[in-house]
Amino acid sequence: MRGGDPNAATRRPVRGHALWYAHIIHRVSGIALALFLPLHFWVLSLALTDAARLDNFLAFTELPFVKVAEFGLVFLLALHLFGGMRLMALEWLPWRAPHKTLAAGTLAVSAFVSGVFFLQAI
Amino acid sequence: MLDDASIAETDHAADSIAVSVWRGDASGGTWETFTVPRQPSQTVLDIVTWIQQEADPTLTYRFACRVGMCGSCAMMVNDEPRWTCRTHVGRVVKDGAISIAPLRNLPVIKDLATDMDPFFDKWVKAEATHHPSAGRHDDFAAVLPDDEQRVEASAGIECINCAVCYAACDTVAGNPDYLGPAALQRAWTLYNDSRDDAGGAILDAVSAQGGCHSCHSMGSCTHYCPNDLDPMGAIAGLKRATAKRFFRRGRG
């Protein structure tokens with residue numbers, strides 16, 4: 001049994017509905033992309049500083065598991081992009097009921113975009 | 001969500017329910033389990049009332065109307081905020097058990113009764129109080145129900161101040177200054193009410209620290225509102241109104 005501090009009993013998160021998931025996916029994908037970007041720019045900088053090393057890295061990206069990881073990245077990017085568009089539509093358009101439909105649409109469009117990328121990559 | 005037929009079936013599925021009730025005060029507390037007889041069409045408030053009348057008269061809770069009008073009986077039921085008088089046991093019972101706790105995001109007075117002062121203080125802070133545009137000697141205001149602004153105002157007027165949205169909101173949990181969905185929705189309602197004379201003051205209040213721009217649009221308020229209102233949409237309206245004013249003025 002939980003006990004002690006009333007907050008332990010009453011301040012448990014109230015979550016588990018579509019729009020909360022849309023919110024957390026947007027946040028987490030944003031953080032993941034923020035972590036990825038410095039690495040991405042560093043690899044791009046190799047084109048100027050160390051061409052041989054860049055070629056090695058590009059060869060590495062041909063490996064199947066890297067392709068899968070790239071799919072994940074594009075999926076995150078698409079999620080963040082369309083999740084952000086969902087938020088802007090929600091907050092800037094006088095728009096009411098179909099929040100959940102748009103949240104689901106975000107996921108669907110993201111899966112489509114990153115899926116197309118993946119098929120092209122392999 | 002169960003349909004009505006399923007509720008009728010589960011109404012007599014068991015003779016009793018194991019009810020975990022949070023007991024304590026602001027300094028702390030613990031869970032106490034009661035075995036409560038199952039009855040047809042029983043609500044969560046019925047359970048709490050039965051415990052107080054039949055098992056432990058020291059149990060503290062708050063209610064008034066019992067028909068979803070007054071907004072005083074909201075509690076956390078299985079960790080979700082609900083109006084207990086209109087919540088059928090059949091909809092929430094899990095494996096013959098239910099947990100009942102005081103509303104989240106509010107200080108506990110005792111047992112299931114929370115201190116609502118912070119909640120209502122924020123209504124005042126959000127300028128969510130009527131600012132009359134006419135006096136008693138003026139004629140009645142003509143309010144057209146189809147007017148665009150009136151439709152916006154009417155969308156939120158059925159709020160019963162139950163604080164379910166306030167308890168559901170993660171932003172309230174993380175930011176004690178945040179005014180919360182109910183106060184902001186009322187501010188939006190008054191902003192759109194042609195009889196309210198303080199649109200500018202409302203926008204000042206809701207765009208200050210802890211105002212509408214603290215909202216992350218998680219939607220728990222709209223998801224849990226027992227009256228099917230849309231506080232998240234109202235807050236989005238305030239965001240638009242304050243942003244439009246900002247760009248019109250060209251300053252913060």
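**Two domains of chain B and the strands at their contact**

In this predicted model, chain B is divided into domain 1, residues 4-114, and domain 2, residues 117-249. The C-alpha centres of these two domains of chain B lie 30 Å apart. Each domain brings a set of residues to the contact: 15 residues come from domain 1 of chain B and 15 residues from domain 2 of chain B.

On the side of domain 1 of chain B that touches domain 2, two elements give two or more residues, namely strand E3 (74-77) and strand E4 (80-83) of chain B. Of the elements there, E4(B) gives the most, with four residues. In character, the residues on this side of domain 1 of chain B comprise eight nonpolar, three polar and four charged.

The two strands named above are also partners of one another. E3(B) and E4(B) run antiparallel and are joined by four bridges. Within this pairing, Met75(B) has Arg82(B) of E4(B) as its bridge partner. The hairpin formed by E3(B) and E4(B) has two residues between the strands, and in this hairpin Asn78(B) takes a positive phi near 50°.

E3(B) has a further neighbour in strand E5 of chain B, residues 97-101; the strands run antiparallel and two bridges join them. Here Met76(B) stands opposite Ala101(B) in E5(B).

The burial of E3(B) completes the picture. Both faces of this strand are covered: on one side Ala74(B) and Met76(B) are buried, and on the other Met75(B) and Val77(B) are buried as well. Thus Met75(B), the bridge partner of Arg82(B), and Met76(B), which stands opposite Ala101(B), belong to opposite sides of E3(B).

Note on methods
Residues are numbered from 1 along each chain as its sequence is written. Chains are lettered from A and ligands numbered from 1 in the order in which they are written. This is a predicted model: local features need pLDDT of at least 70, side-chain atom pairs count only at pLDDT 80 or more; totals for chains, interfaces and linings use all residues. Domain bounds come from an automatic or database domain assignment. Two residues are in contact if their C-beta atoms, placed from the backbone, lie within 7 Å. Ala, Val, Leu, Ile, Met, Phe, Trp, Tyr, Cys and Pro count as nonpolar, Asp, Glu, Lys and Arg as charged, and the others, Gly among them, as polar. A residue is buried if 20 or more other C-beta atoms lie within 10 Å of its own, exposed if 12 or fewer, and partly exposed in between; C-beta atoms are placed from the backbone. Two strands pair if DSSP finds at least two bridges between them.
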